[in-house]
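Student: Before we go through this model, could you set each label beside the rule that earns it? I would like to see how the wording follows from the values.

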Amino acid sequence: MTELIVARTPEELCAHLAQRVGQAEARNLAAVEQRRAAGQTEEDVAPEAPRVATVGLVPTMGALHEGHATLIRRAREQNDVVVVSIFVNPLQFGPGEDYDRYPRTPEADLELLRGIGVDLVFLPEVQTLYPGGEPLVRVTSGRLGELFEGSRRPGHFDGVLTVVNKLLNITAAGASGHPLRAYFGQKDAQQVALVQRMVADFALPVTIVPVAIVRDDDGLALSSRNAYLSAEERTAALVLSRTLALLREEGLSRGYAGIDLDAARQRIEHADGVELDYLEIVDPETFEPPTEDSRRALALAAIRVGATRLLDNMDVV
Ligand code: AMP
């Protein structure tokens, strides 16, 4: 098993990443030479070039759970070198939000990363990523960043995209031209859509890989913020995934027009201890109502249970 390297600065990350990529490339070359030596004819082996080493990045805010682990395992399966970043990004939290009390579990996180065989973890301090304080120049998330989560959390997506842009640039520098993939959870559907747009709009040298939502056995979408829930709140929160599952059944059996969104909203509003923030059906690329051209339709919801905001979504068509 490879040793997990902890990098705390971009320079450390780049240096270690370049080294791991070099080692992976040497292994790939050795594998080809081994096949050649194993007596395969020149004809069999000649066209085969050593596989180019690839890098997978999984950006997180830590307090890692099975949802993160799924993204990281996917990255491990698909790449030669895997980098996980853990950074609670102050830029994406609004005033009065939970930045200070956001769960931080560094020891358990490192244990989980070692178990999966991650190569490198990037653990920068706030001053390291933002040495001059809050950055003057930021990515703006545009209209898509003002809808849903963006309208409830002004500036949130600008903060997300600014840090993701920075993490992608730092990792791409370390990957030095080797293919780079970055893994994002469908749990944060609007975030995935925005990151994909940013990558396209800025021609960033990375492929974004979306990963399906990971749920507990009872259907609750895994989230670091679930740690805030009391046992009663956790039970109450189940109305969210159950209502989305009903919408999905309606959508799959009767089509988009057969979905009763008002009944679904009422079901959530009537649940004890739960406040509905929004429940809508959108095109998951634009977050506008689906049109005839939409490839998918997504039921998208946010609720508040006690002091905790929870997000979830499900494909309905
Ligand atoms: P976070 O640490 O909450 O910023 O999440 C880091 C990444 O993990 C994001 O791309 C999330 O969308 C993803 N993620 C978090 N929870 C889940 C989940 N339950 N299923 C799939 N992906 C998730």
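Student: What makes the packing of helix α3 (residues 66-78) and helix α4 (residues 106-116) roughly parallel or oblique?

Tutor: In this predicted model, α3 and α4 pack at an angle of about 30°, with their axes 10 Å apart. Angles under 35 degrees count as roughly parallel, so an angle of about 30° places α3 and α4 in that class. The crossing of the two helices, α3 and α4, is right-handed.

Student: Which residues of α3 and α4 meet, and how do they divide by class?

Tutor: From α3 come A69, I72, R73 and R76, and these meet L112, L113 and I116 of α4. By class, the contact of α3 with α4 holds five nonpolar and two charged residues, with no polar ones. Arg counts as charged, which is why R73 and R76 of α3 fall in the charged class.

Student: Why are α7 and α8 called oblique to each other?

Tutor: The axes of helix α7 (residues 156-175) and helix α8 (residues 189-201) come within 10 Å and cross at roughly 55°. Roughly parallel requires an angle under 35 degrees, and roughly perpendicular runs from 65 to 115; a crossing of roughly 55° meets neither condition, and α7 and α8 are therefore oblique to each other. The crossing in which α7 passes α8 is right-handed. On the α7 side the contact is made by F157, V160, L161, V164, N165 and L168, and on the α8 side by Q190, Q191, L194, V195, M198 and V199. Nine of these residues are nonpolar, three are polar and none is charged.

Student: What makes the space lined by L168, N169, A172, L180, L204, P205 and V206 a cavity?

Tutor: A cavity is a set of points where a 1.4 Å probe fits but cannot get out, and the space lined by these residues is the second largest cavity, with about 30 Å³. Helix α7 gives the largest share of the lining of this second largest cavity, three residues. Its lining divides into six nonpolar residues and one polar residue, with no charged ones; Asn falls outside the nonpolar and charged lists, so N169 is the polar one.

Student: How many cavities of 30 Å³ or more does the structure hold, and what lines the largest cavity?

Tutor: There are two cavities of 30 Å³ or more, and about 40 Å³ of space lies in the largest. L220, A221, S223, N226, A237, L240, S241, L310, L311 and D312 line the largest cavity, and α9 (231-254) and β9 (308-315) each supply at least two residues of that lining. The class count for the largest cavity is six nonpolar, three polar and one charged; Asp counts as charged, so the charged residue is D312.

Student: What makes the space of about 340 Å³ a pocket, where the others are cavities?

Tutor: A pocket is an open set of points, whereas a probe in a cavity cannot get out; the space of about 340 Å³ is the second largest pocket. Of its 18 lining residues, I86, V88, R104, L123 and P124 are the closest to the centre. Helix α4 gives the most to the lining of this pocket, with four residues, and the lining comprises eleven nonpolar, two polar and five charged residues.

Student: How do you know that R51 touches E25, N28 and D80?

Tutor: Contact means heavy atoms within 4.5 Å, and R51 touches E25, N28 and D80 by that rule, leaving aside residues up to four places away in sequence. R51 itself lies in the loop between α2 (42-45) and β2 (55-60).

Notes:
Residues are numbered from 1 along each chain as its sequence is written. This is a predicted model: local features need pLDDT of at least 70, side-chain atom pairs count only at pLDDT 80 or more; totals for chains, interfaces and linings use all residues. Side-chain values use heavy atoms; hydrogens and water are left out. On a 1 Å grid over the protein atoms alone, a cavity is a set of points where a 1.4 Å probe fits but cannot get out, and a pocket is an open set with protein on both sides within 12 Å along at least five of seven lines; lining residues have an atom within 4 Å of a point. Grid points are joined across faces, edges and corners, and a volume is the space filled by probe spheres set on the points. Axes are lines fitted to C-alpha atoms, for helices over the stretch in contact, and angles run from 0 to 180 degrees between N-to-C directions. Angles under 35 degrees count as roughly parallel, over 145 as roughly antiparallel, 65 to 115 as roughly perpendicular and the rest as oblique. A crossing is left-handed if the near helix is turned anticlockwise from the far one by less than a right angle, and right-handed if clockwise.
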